[in-house]
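Trainee: Please take a close look with me at one part of this model, the opening stretch of the chain. I would like to hear how it presents itself, and then what surrounds it in the wider picture.

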Amino acid sequence: MLITYLLAVTGSLVNIIFIVSDKQLHKPMYLLICNLAVVDILYTSRSTLVSHLICVICLYCPMFVIAILTRFGVVLTLEERQGLLIGTILGPSLVNPLVYCLRTKEIKNKIVKIFRKVNTAG
């Protein structure tokens, strides 16, 4: 699945780069192809990649912060370091249910209805 995604994004990016870089291709037909390539990238990146990306960011962000701060010579207290490490462990676990619940159509519709009620009441 990842290879298919990478091939789709790479192909679309190549189309975009060719069209943008060559002035002879700045015609309506090629601009439409460029727009379709952008839409293709956005569409293929949509549901499953975004949900996985959120979980991966929650996993690696605290570890990245620790590494960057250490490189710049910032000394973290034991509590700060443990807090970031606990965030690394709990972050994906806490975000996973929310991410996968938002992928179902019924829950999305329920959330939209709740926000509409709040907006009309306010």
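Mentor: Happy to, and one term comes first: a residue is buried under 20% relative accessible area, exposed over 50%, and partly exposed in between, with a 1.4 Å probe and protein chains only. The model is predicted, so to speak of local features we ask for pLDDT of at least 70 and for side-chain atom pairs 80 or more, while totals for chains, interfaces and linings use all residues. Residues are numbered from 1 along each chain as its sequence is written, and side-chain values use heavy atoms, leaving out hydrogens and water.

Now to your stretch. Helix 1 covers residues 2-21, with Leu-13 in it (helices are DSSP runs of H or I of at least four residues, strands are E runs of at least two, numbered from the N terminus). Leu-13 has a relative accessible area of 41%, so it is partly exposed. Together with Val-14, Ile-17 and Phe-18, Leu-13 makes a nonpolar surface patch of about 370 Å². Patch members have over 30% relative accessible area and no salt bridge; nonpolar side chains (Val, Leu, Ile, Met, Phe, Trp, Tyr) are joined within 5 Å and like charges within 9 Å. A salt bridge puts a side-chain nitrogen of Lys or Arg within 4 Å of a carboxyl oxygen of Asp or Glu, and areas come from the Shrake-Rupley method with a 1.4 Å probe, counting only the protein chains shown as cover for residues.

Helix 1 also holds Ala-8, partly exposed at 23% relative accessibility. The C-alpha atoms of Ala-8 and Ser-45 are 9.8 Å apart in space, against 37 residues in sequence. Val-20 pairs with Leu-31 at 8.8 Å, C-alpha to C-alpha, eleven residues along. Leu-31 sits in helix 2, residues 28-45, and is partly exposed at 41%.

Further along, helix 3 (residues 49-71) contains Leu-59, which is partly exposed with a relative accessible area of 30%. Its C-alpha lies 5.8 Å from that of Pro-92, with their positions 33 residues apart along the chain. Helix 5 spans residues 105-121 and includes Lys-110. That residue gathers with Lys-113, Arg-116 and Lys-117 in a surface patch of positive charge.

Stepping back, the chain has five helices and zero strands, running α-α-α-α-α from the N terminus. Its radius of gyration is 21 Å, well over the 14 Å of the globule rule for 122 residues, so the chain is more spread out than a compact globule (taken over C-alpha atoms; the rule is 2.2 Å times the number of residues to the power 0.38). The C-alpha trace spans about 60 × 50 × 35 Å along its principal axes, and 16% of the 122 residues count as buried. Carbon and sulfur atoms own 72% of an accessible surface of about 9,700 Å². Finally, the mean positions of the 12 positive and 5 negative charges are 11 Å apart; Lys and Arg count as positive, Asp and Glu as negative, with His and chain ends not counted, and each charge is placed at NZ of Lys, CZ of Arg, CG of Asp or CD of Glu.
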